[in-house]
Amino acid sequence: MPGVRQIYPFARPPELDSDDRVHLPVIIVGAGPIGLAMGLELDHQGIRSIILDDDNKASTGSKAMLWSKRSLEVLDRLDCSQRLLDKGVTWNLGKIFFGDSKEPVYGFKVLEEEDQQFPGFINLQQYYVEQFLKDEIDARELTEVRWENEVTAVDQTADGATVTVSTPQGNYQLDCDYVIAADGSHSPIRKMLGFDFEGETFQDHFLIADIKMKADFPTERWFWFDPPFNRGQSALLHKQPDDVWRLDFQLGWDIDRAEELKPDNVSRRVRAMMGEDFEFEFEWVSIYTFQCRQMDRFVHQRVIFIGDAAHLVSPFGARGANSGLQDVDNLGWKLALILDGKAPPSLLESYDYERVTAAKENILSSTRATDFITPKSEISRVFRDAVLALARDFEFARRFVNSGRLSVACILDESSLNTRDQDSFDSKLVPGSPSVDAPVTINGEESWFLKSIGNEFTAVYFARNGEKAPDGATDLEEDAIPVRTIVVTEDNKAGAGILIDHKGLLRQRLDGQPGTYYLFRPDQHLVARWREFDCQAVRDAVARATMQPRRIVQEGEPV
Amino acid sequence: MSEKLRTDPQIEDPDDFYARLIDLHQGLSCDESNSLNCKLILLMANHIGDREVLFEVLDVVRNYRPQK
């Protein structure tokens with residue numbers, strides 16, 4: 001009873017009929033959402049890759065189904081957000097229920113700031129995201145996906161790796177500079193190379209029932225603590241496209257798996273939750289347990305781990321696929337600079353540091369949610385219930401309620417790639433933050449700020465009235481690692497190519513007083529900012545952000 | 001030892017407060033008292049707010065041994 005499931009046919013790889021050894025910049029293992037997005041990211045950076053997958057189809061069942069604002073922004077940079085938005089279900093409101101009451105304890109909004117292009121979250125089955133990414137890859141030139149191509153060995157050399165691939169029609173080998181392992185939580189590559197995956201397994205089971213029904217429930221996330229239909233446990237209701245709803249029941253540890261999965265028993269649970277009088281059919285049913293684990297390091301010489309292969313979290317907070325996409329966002333531009341010979345291979349250390357830090361944050365967050373949802377001791381349960389009881393009337397108590405802290409972009413404020421602020425800024429952004437969005441107008445068209453930055457180092461300059469880019473900014477466009485400067489003004493009559501901040505929100509959100517210059521990395525994270533433009537300071541910041549050997553910076557050469 | 005946490009007497013008419021505190025639990029089962037205490041802690045903690053003070057409170061009770 002699986003849902004839509006795209007089958008991708010096996011195609012005979014040319015290597016089976018040729019003795020020529022092919023050398024690629026990058027081989028990606030795993031064509032799940034993260035592997036596919038990685039291919040697309042590298043494609044945008046001008047890097048060729050082949051994605052190898054041992055299967056021949058998109059994912060079974062809805063699996064990852066919450067796509068965060070930051071994920072949508074990353075995919076928008078890869079020209080792949082529109083179909084997700086069109087197909088996905090947008091929701092901004094969550095409701096918390098506790099015990100027998102049919103009234104929610106409270107409701108909360110997901111998106112804090114209005115006037116941004118993307119909502120806090122959309123819900124969309126994983127197989128749709130995979131299909132959209134694959135279609136986008138097919139529409140471009142540099143990325144090839146090979147189905148039923150199973151990687152059976154990875155051999156690292158001093159300056160690359162050799163991958164052995166097994167197919168239904170024979171085996172072959174490929175050489176590459178880097179292997180990216182996006183082969184999921186059970187990562188065969190991780191096992192082949194013998195790397196640890198430390199963490200904990202939680203002693204709990206959850207039943208997912210995706211059902212198809214016509215219902216006039218609002219498009220909201222509903223979470224129940226200790227409801228009458230699932231005593232002592234939790235439950236979750238979420239809408240997906242195609243009239244599919246995800247019902248998630250906590251079952252506890254001592255269960256009979258086979259018994260719980262019997263359609264009659266699942267139906268009984270569904271009816272207890274949703275009511276007796278309605279028609280539905282099953283789309284996908286699954287029982288899962290979860291783990292929080294991560295590798296010590298994500299970069300092992302020429303093999304780089306991303307997504308679930310590198311880090312695994314509980315589903316509370318939607319921090320799985322969404323953090324995987326942030327891995328992609330972080331890795332793409334760095335790898336491209338290294339492969340182009342513009343940055344040293346040690347730049348990958350920053351991927352390791354930044355994303356290991358992010359994984360720790362995500363694991364901490366999801367572990368805390370798990371401890372709130374499933375208290376580990378009697379007193380912990382009493383506190384939890386006291387919080388929920390107080391939350392009905394007291395705002396402060398709502399802040400303790402934790403049914404999963406929904407995924408937000410990680411702030412890389414400790415990263416050595418950042419240049420520390422010398423000036424003061426009244427903005428939520430700090431060096432290392434992903435940029436905020438704001439509505440803008442360019443060439444007479446309404447647009448969004450985030451559409452103007454990214455894929456390369458991009459700076460915004462808040463111009464004084466009638467002013468163009470500062471002297472020297474155009475020189476930066478000619479550097480080996482170019483910096484593109486965008487001029488921002490609130491003057492509606494500004495000329496072509498100038499970004500008009502017609503609502504003044506960009507100025508407000510970045511504290512963009514006239515003369516202010518913000519420098520963003522290719523992944524749209526803020527890396528440095530100044531109150532006055534200084535060409536050399538920008539070059540130093542780019543050198544720092546790309547880990548150039550110190551001598552270049554000291555000699556003041558363009559990097 | 002104390003940094004920000006005030007441990008010098010602060011409560012006006014302590015006997016009165018103490019009596020009201022005990023009264024609060026009158027007729028409650030152990031579980032109900034437990035639940036009430038949790039609410040009490042959460043409300044008071046929120047009123048304090050300052051995380052340095054709160055962490056100090058946790059440290060004080062974690063390490064507290066009556067002096068001989």
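**Exercise 1. Gly232(A)**

Task: In this predicted model, decide whether Gly232(A) is buried, partly exposed or exposed, and describe its surroundings.

Solution, step by step:
- Start with the accessible area: for Gly232(A) the relative value is 34%.
- Next, recall the cut-offs: buried means under 20%, exposed means over 50%, and partly exposed is in between.
- Gly232(A) is therefore partly exposed, given its 34%.
- Now find its place in the chain: Gly232(A) sits in the loop between β14 (221-225) and β15 (234-240) of chain A.
- Then look for contacts: setting aside residues up to four places away in sequence, Gly232(A) touches Asp226(A) and Arg381(A).
- Finally, compare sequence with space: Gly232(A) and Gly99(A) are 133 residues apart in sequence, while their C-alpha atoms are 8.9 Å apart.

**Exercise 2. Glu41(A)**

Task: Work out whether Glu41(A) is buried or exposed, and which residues it contacts beyond its sequence neighbours.

Solution, step by step:
- Locate the residue: Glu41(A) belongs to helix α1 (residues 33-44) of chain A.
- Check the relative accessible area: Glu41(A) has 1%, so it is buried.
- List the contacts, leaving aside neighbours within four places in sequence: Glu41(A) meets Arg77(A), Leu78(A), Val328(A), Asp329(A), Gly332(A) and Trp333(A).
- Pick one partner for a closer look: Asp329(A) is 288 residues from Glu41(A) in sequence, with 7.4 Å between the two C-alpha atoms.

**Exercise 3. Two positive phi angles**

Task: For Lys63(A) and Gln524(A), say which class of accessibility applies, and add the backbone angle of each.

Solution, step by step:
- Begin with Lys63(A), which is not a glycine yet has a positive phi of about 45°.
- Place it: Lys63(A) is in the loop between β2 (49-52) and β3 (66-68) of chain A.
- Classify it: Lys63(A) is partly exposed because its relative accessibility is 44%.
- Turn to Gln524(A), another residue other than glycine, whose phi is positive and near 70°.
- Place it too: Gln524(A) lies in the loop between β27 (517-520) and β28 (526-530) of chain A.
- Classify it: with 1% relative accessibility, Gln524(A) counts as buried.

**Exercise 4. A charged patch**

Task: Find which residues form the negative surface patch, then characterise Glu477(A).

Solution, step by step:
- Name the members: Asp471(A), Asp475(A), Glu477(A) and Glu478(A) make up the patch.
- Place one of them: Glu477(A) is in the loop between α13 (473-476) and β25 (483-489) of chain A.
- Check its accessibility: Glu477(A) is partly exposed because its relative value is 36%.
- Test this against the patch cut-off: patch residues need over 30% relative accessible area, and Glu477(A) has 36%.

Definitions and conventions. Residues numbered from 1 in each chain as written. Chains lettered and ligands numbered in written order. Predicted model: local features only at pLDDT ≥ 70, side-chain atom pairs only at ≥ 80, totals over all residues. Heavy atoms only, no water. Patch = residues over 30% accessible without salt bridge, like charges linked within 9 Å, V, L, I, M, F, W, Y side chains within 5 Å. Areas by Shrake-Rupley, 256 points an atom, 1.4 Å probe, with all protein chains shown as cover. Salt bridge = Lys/Arg side-chain N within 4 Å of Asp/Glu carboxyl O. Lys, Arg positive; Asp, Glu negative; His and termini not counted. Charge placed at Lys NZ, Arg CZ, Asp CG, Glu CD. Helix = DSSP H or I, 4+ residues; strand = E, 2+ residues; numbered from the N terminus. Buried < 20%, exposed > 50% of the residue type's maximum accessible area, 1.4 Å probe, protein only. Contact = heavy atoms within 4.5 Å.
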